Amino acid sequence: TVTVNVYTPPAVIATASVDSFCSGTSTTLNAGGAASYSWSPGNMTGANITVSPSSSTNYIVTGTDTNGCTNADTVMLTVYPSPTLTVTSTNSVICTGGSTSLMASGATTYTWQPGNLTGATVTVTPATSTNYTVTGVDTNGCTGISVYGMSVAAPPNVYGYSSLSNACTNDPPILLTGIPAGGTWSGPGVAGNNFSPSVAGAGTHTLTYSYTDTYGCSNTATVTIVVDPCAGVHEQSALNGVSFYPNPNAGSFTLNVQSGDIHTLTMEIFDLQGRIVYSQQLDGISSGYSKDVDVSFLANGAYYLRFTSDSSSQTTRLIIEK
C-alpha cells in the first residue's frame, strides 16, 4: 500500500493600501494566506512591501505554504501622471510700477506664490524681477508645479543736452541731443532735434526729451535755454564780418575779422553736449584782423563755434577731421 498526500494550494490574497494614486506617491502591498511571498516586478519578498511605480502596474505575488505548495494573486495599481502646467504672460517684461497677467493651463485649480493668489489667470504687480510658482491640481487630485520668471525693467536713464544754454532771438537753431538716441524733443521752438530761438521768442524755455525703450518703459529729461533779445540789427550785422576757414579742418583754422565795428571778440567752442571745450577772449581787434587758432587737442567730430562781441553773438558748426 502506498499513501499519497495531496495538499491544497494556499489561498493567496494580495491587496494594496491605496490602489489608485498620483505619480511620485507610494503605496503598501499586502499578501496573506501563505508562509512566504515573492513579488514581481521588483523581485521583492515579504508579506508587506512598499512600491512607487511611475505608471500603472500589475503586481503579482507568489505565496508558498509550509507544505511547499504555491499559489499567486494579482493586484492592479493605477497611477495618474502629474499634470504638466504651462504658464504664459501678457508681457514677459514689465516696467517698474506696471502690471501683467499670468495665465496657467494643464490643471483644474491653481495657487500662485508669492501672493497666495488663486485662479487660472492672476494679475501681478511685482516691484522687482520675481519668480512666480504656480501649483495646479487636476481632477485626480494630482499636483503639478511650474515656475515663471517675471522680469521688471527700471525706467531708462535719459539725458538731454543743448549745444547752447543762452541765445539771442536772432541766433541760428541750437542743436538738441538726447541720450539714448531715438526719442523725441518737445517744447516751444522745437523742430526735430533743433531749437529755434527766433520761433520760441525771448524768455526761459524748458524743453523735454522723451524716450521709450524696447520694453515700453519711458522716461524724460529736460534742458533749459534762455533766449534774450540781445543786439539790434547794426550789432548783429557787425558779426557778419567774422569768418574762419577751413571748415572742416584738421585741428586748426584761421580767424578773420573784416569789420571795423568789432574791437573785442570772445570765441567759444562747445561740444554736442553743450560743454565749453575751448574759450578765448581777443582784444584790440580791427578790420583785417587774422589769427591762427590751434584746436588739435580736440577729438574728431562736430562742435559749435560761437563768436560774441558786446551783446551780439553768432554760432556756426565746426567740424574737425584729423
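Select Pro-180 first, in the loop between β19 (174-179) and β20 (184-186). This is a predicted model, and in it the peptide bond that joins Ile-179 and Pro-180 is cis, with omega about -5°. Most peptide bonds are trans.

Next, go to Pro-114. This residue sits in the loop between β12 (109-113) and β13 (117-118). Here too the bond to look at is the one on the N-terminal side: from Gln-113 to Pro-114 the peptide is cis, and its omega is near 0°.

Stay in that loop and select Asn-116, which is also found between β12 and β13. Its phi is near 50°, a positive value in a residue other than glycine. Most residues other than glycine have a negative phi. Is Asn-116 buried or exposed? With 53% relative accessibility, Asn-116 counts as exposed, because the cut-off for exposed is over 50%.

Now select Asn-43, in the loop between β4 (36-40) and β5 (44-45). Asn-43 has a positive phi, near 50°, and is not a glycine. Its relative accessibility is 67%, so Asn-43 counts as exposed.

Move to the segment before β1 (13-16), where Val-6 lies. Show Val-2, Val-4 and Val-6 together: these residues make a nonpolar surface patch of about 370 Å². Val-6 has 71% relative accessibility and therefore counts as exposed.

From the surface, turn to the interior. Which residues touch the most other members of the largest nonpolar core? They are Leu-255 and Met-267, in a core of 21 residues. To display the strands around them, select β25 (242-245), β26 (252-257), β27 (265-270), β28 (276-282), β29 (289-294), β30 (301-309) and β31 (312-320); each of these gives two or more residues to this core.

Centre the view on Leu-255 and show its contacts, leaving aside residues up to four places away in sequence. Leu-255 touches Val-242, Ser-243 and Phe-244. Further along the chain, Leu-255 is in contact with Leu-265 and Met-267, and also with Leu-282. The list continues with Tyr-289, Ser-290, Lys-291 and Val-293, and it ends at Phe-307.

For the last stop, select Leu-176, Val-190, Ala-221 and Phe-270. These are among the 19 residues of another core, which lies apart from the one around Leu-255.

Notes
Residues are numbered from 1 along each chain as its sequence is written. This is a predicted model: local features need pLDDT of at least 70, side-chain atom pairs count only at pLDDT 80 or more; totals for chains, interfaces and linings use all residues. Side-chain values use heavy atoms; hydrogens and water are left out. A nonpolar core is a set of buried Ala, Val, Leu, Ile, Met, Phe, Trp, Tyr and Cys residues joined through side-chain atoms within 4.5 Å. Buried means under 20% relative accessible area, exposed over 50%, partly exposed in between (1.4 Å probe, protein chains only). Helices (H or I, at least four residues) and strands (E, at least two) are DSSP runs, numbered from the N terminus. Contact means heavy atoms within 4.5 Å. Patches are made of residues with over 30% relative accessible area and no salt bridge: like charges are joined within 9 Å, nonpolar side chains (Val, Leu, Ile, Met, Phe, Trp, Tyr) within 5 Å. Accessible areas come from the Shrake-Rupley method with a 1.4 Å probe; for residues, only the protein chains shown count as cover. A salt bridge is a side-chain nitrogen of Lys or Arg within 4 Å of a carboxyl oxygen of Asp or Glu.
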